[in-house]
Each structure stands twice: as C-alpha cells, then as structure tokens.
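Got the viewer open? Here's a short tour, stop by stop.

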Amino acid sequence: MHFVIMGCGRVGASLARSLERLGHDVAVVDQDPAAFRRLGSEFSGRRVAGVGFDRDTLLQAGIEEAYALAAVSSGDNSNILAARVARETFGVEHVVARIYDPDRAQVYQRLGIPTVATVRWTADQVLRRMLPQGQATEMTDASGRLVIAEIQVAAAWVGQRLTRLEEATDARIAYVTRLGEGIIPGPETVHQEGDLVHLVIPRDRVPDVERVLDGHPPQEV
C-alpha cells in the first residue's frame, strides 16, 4: 500500500522507515529538503519538498492512491490542514494528526480525525491508526493467539449499546478511547461518534470482526 508522511522530523522519519520495512510504498513531504537526511541512504521512497497541505504537493506525493496519511510536522495548524485536505479533498479514509495542544486534539477527534497529543506520543500509536488491524495490533498475548486491536466501527453502530457489539462479534471490549481518554464501558454504555473501540480477539478472527463492524448492526429478534 501507499502511505504519505507529512513532516520529516524524528517521528516522521521513523514512521517512514518502519512502513518501508513492512513492505509498503512511502512518500515523505517536508518544506526543508535538508530534513530528508534523517531518512538515511537506504530509504527508497519518494522525497517531496513542499508544503504538506498544498494540493499540488500532495499530488506529487501520490495522495490520490494513498491508503493513509500521517501529519506529524511541528505545527498543529499545518497538521490539521493536511489531514483535512487529505480526507475531504482526496477521500483518504485513514488519517492521523500530531497535535501539541491536548484540548485542540479533543476537538479534532470529534471531527473524526484521530489525533495524538505529544504528551502521549509514540510512533507506534500512529502506525496503529494507519495500518489495517490485521497488520498492527496494540498487544499480543504470550502464545500469539490473542490480540487487542483497535477496530474501525461503522457509523451505523452509533447509539447502539456496546454489549450488542460484543454479541455480534463474539469478542470482548478491552476499553474505549473517547475524546482522547480511555474508559471501561459498562452494560449501558453506547457507542458514540468518534469512539475508538479496542477489542480482545483471536488473531485469526480479526478479519471476520472487521467485516461485522464495517456493516449495519444485526436486527434484534
């Protein structure tokens, strides 16, 4: 798959190298051509000098065929602009933005743009929001059979009790990230827009669970 990284600082360069090691095609965008030195001589992806939220720059980076974009420059406004242009102009479904201000991060989370505030920042968190869940999980048990995975839930599930989600998937919810904070759902907790649901699933059932939650809730009998 093709990924676009905006910002070639330490985090952006680390993400680009990690994605390339996983066998993906990567384009890195930065205003300062000298920043590309952080990628190292072995990096074979595209290096695009320009403003990361500029339409022409994103086109040079291959945004039209991109599976995901990560905006990880040093500026909140630039990151959000790039994420919104990628999603709203080019239809990139998987975007994540690095935000320094946690309060602003919550606002953009409500807009459906996953954000990571720097106080909790790791490159692994961005990877989990960019890669399909079959490739990037949050935790694996010692046997390798069980994983905790952040699964995308279709908008049709909004307003449904999370216990219905468990019943439909035969999985267990470990926790939910809501407005940037983790919560343990109770029996009456309902799925809200912007919630990130983290499920405990047998590794070989991740694709099945994704298919269920990508559709409409089953009708109650």
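Start by selecting helix α1: its buried residues (under 20% relative accessible area with a 1.4 Å probe, protein chains only) are Val11, Gly12, Ala13, Leu15, Ala16, Ser18 and Leu19. Helices here are DSSP runs of H or I with at least four residues, strands are E runs of at least two, and both are numbered from the N terminus. This is a predicted model, where local features need pLDDT of at least 70 and side-chain atom pairs count only at 80 or more, while totals for chains, interfaces and linings use all residues. Residues are numbered from 1 along each chain as its sequence is written, and side-chain values use heavy atoms, leaving out hydrogens and water.

Step off the end of α1 and you hit Gly23, with a positive phi near 95 degrees.

Next, color the largest nonpolar core (buried Ala, Val, Leu, Ile, Met, Phe, Trp, Tyr and Cys joined through side-chain atoms within 4.5 Å). It has 22 residues, and Val4, Ile63, Leu69 and Val95 have the most contacts inside it. Helix α3 gives the largest share, 5 residues. Another core, of 18 residues, lies apart from it; Ala13 from your first selection is among its members, as are Phe3, Phe43 and Val96.

Now jump to the open antiparallel sheet, ordered β7-β8-β11-β9-β10. Strands β7 (139-140) and β10 (181-183) sit at the edges with a single partner each, so one side of each has no neighbour in the sheet. Zoom in on β9 (172-178) and β11 (196-202), which pair over 5 bridges; strands count as paired if DSSP finds at least two. Last pick: Thr177, which stands opposite Leu196 in β11.

Notes:
Buried < 20%, exposed > 50% of the residue type's maximum accessible area, 1.4 Å probe, protein only.
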